[in-house]
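This report introduces a protein structure to a reader who has not met it before. Please view the sequence and the model below before reading on.

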Amino acid sequence: MKDWKEFFGFSLGTPGMALYSIISIICSLIQLGPTYVLSIWTAQTLADQQSETLYWKLFMGTSVAFMIFTFLRSLIFTWLVLDATTNMHNKMALKVLRSKIEFFDSNPIGRITSRFSKDMLMLDQIFLGITIFVTQGILRAIIVAITVSIVNPVLILICMFGIVYMVWIMKTGKPSMSDTQKLD
């Protein structure tokens, strides 16, 4: 979270992260809407299903609301990331331009340029897609875990075991991932 806070500090900071989190949570909750409406609709008799027009309107409304919030979530996140990378690039360029002459004597201009372009390419293209994919996956897993736990409360224990196991894997794997990144 420290890295996220520092990265988004170049954009809106904590308010930006909170805005994205709120929109993502709303989007994940709305994602359950069409399924809930269908479950109520299909529990009715066939004659009631065909004569009632409320449920197909609710189904379409929740589906459209989900699409709108999904678009809004992606739009807000893209804006936050691009704003942060632009501000980060400006700060990096200012630091390099204001550095002492010894820095330019020991680092050729090609190395500085290629490092700049590689870092900005990673942030602009790769980071954006992966982060949206990961946050949507995490929130989807949380919503599914909540839904399944409501149906069968015993599964809460299995979810807790899975969370503890994932945290342990992340802690044990982080040093080797950092070493690999350093070699890159």
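## Residues, helices and contacts

T147 is partly exposed, with a relative accessible area of 33%; the term covers values between the limits for buried (under 20%) and exposed (over 50%), determined with a 1.4 Å probe and with protein chains only. The model is a predicted one, in which local features need pLDDT of at least 70 and side-chain atom pairs count only at pLDDT 80 or more, while totals for chains, interfaces and linings use all residues. Residues are numbered from 1 along each chain as its sequence is written, and side-chain values use heavy atoms, with hydrogens and water left out.

T147 lies in helix α7; helices are DSSP runs of H or I with at least four residues, numbered from the N terminus. The C-alpha atoms of T147 and L32 are separated by 9.0 Å, although the two residues are 115 residues apart along the chain. Helix α7 spans residues 109–151 and also contains I146. I146 is partly exposed, at a relative accessible area of 46%.

I146 belongs to a nonpolar patch on the surface, together with M122, I126, I130, F133, V134, I138, I142 and I150. The accessible area of this patch is about 880 Å², a quantity obtained by the Shrake-Rupley method with a 1.4 Å probe, where for residues only the protein chains shown count as cover. A patch is made of residues with over 30% relative accessible area and no salt bridge; nonpolar side chains (Val, Leu, Ile, Met, Phe, Trp, Tyr) are joined within 5 Å, and like charges within 9 Å. A salt bridge, in turn, is a side-chain nitrogen of Lys or Arg within 4 Å of a carboxyl oxygen of Asp or Glu.

### The two sides of helix α3

Which residues of helix α3 are buried? In this helix, which covers residues 33–42, they are G33, P34, V37 and W41. These residues lie on the same side of α3, because they cover an arc of only 95° around the axis; the arc is that of the directions from the helix axis to the C-beta atoms. T35, Y36 and T42 are exposed on the other side of α3. The cover over the buried residues of α3 includes α2 (14–30), α4 (46–51) and α5 (54–97).

G33 itself has a relative accessible area of 17% and is buried. Its C-alpha atom is 9.9 Å from that of M60, with the two positions 27 residues apart in sequence numbering. Between the C-alpha atoms of G33 and S74 the separation is 20 Å, at 41 residues apart along the chain. S74 is placed in helix α5 and is partly exposed, at 24% relative accessibility.

### Buried residues in helices α1 and α2

S24 is found in helix α2 and is buried, with a relative accessible area of 1%. Residues up to four places away in sequence aside, S24 touches R73 and L139, where contact means heavy atoms within 4.5 Å.

F8 is part of helix α1, which runs over residues 2–8. At 3% relative accessibility, F8 is buried. Apart from neighbours within four places in sequence, F8 is in contact with G13, M17, F77, L80 and V81. F8 and M60, by contrast, are 35 Å apart in space from C-alpha to C-alpha, and 52 residues apart in sequence.

### Aromatic pairs in helix α8

A search of the whole structure finds 4 aromatic pairs. Rings of Phe, Tyr and Trp (its six-membered ring) pair if their centres lie within 6.5 Å; planes under 30 degrees apart count as stacked, over 60 as edge-to-face and the rest as tilted. Two of these pairs are set out here.

| Pair | Centre to centre | Angle between planes | Arrangement |
|---|---|---|---|
| F161 and Y165 | 6.3 Å | 10° | stacked |
| Y165 and W168 | 6.1 Å | 25° | stacked |

F161 and Y165 both lie in helix α8 (residues 155–183), 4 residues apart, which is about one turn of the helix. Y165 and W168 are likewise about one turn apart in α8, at 3 residues. F161, Y165 and W168 form one aromatic cluster.

How accessible are these rings' residues? F161 is exposed, with a relative accessible area of 60%, and W168 is exposed at 52%. Y165 is partly exposed, at 43% relative accessibility.

Key
Helix = DSSP H or I, 4+ residues; strand = E, 2+ residues; numbered from the N terminus.
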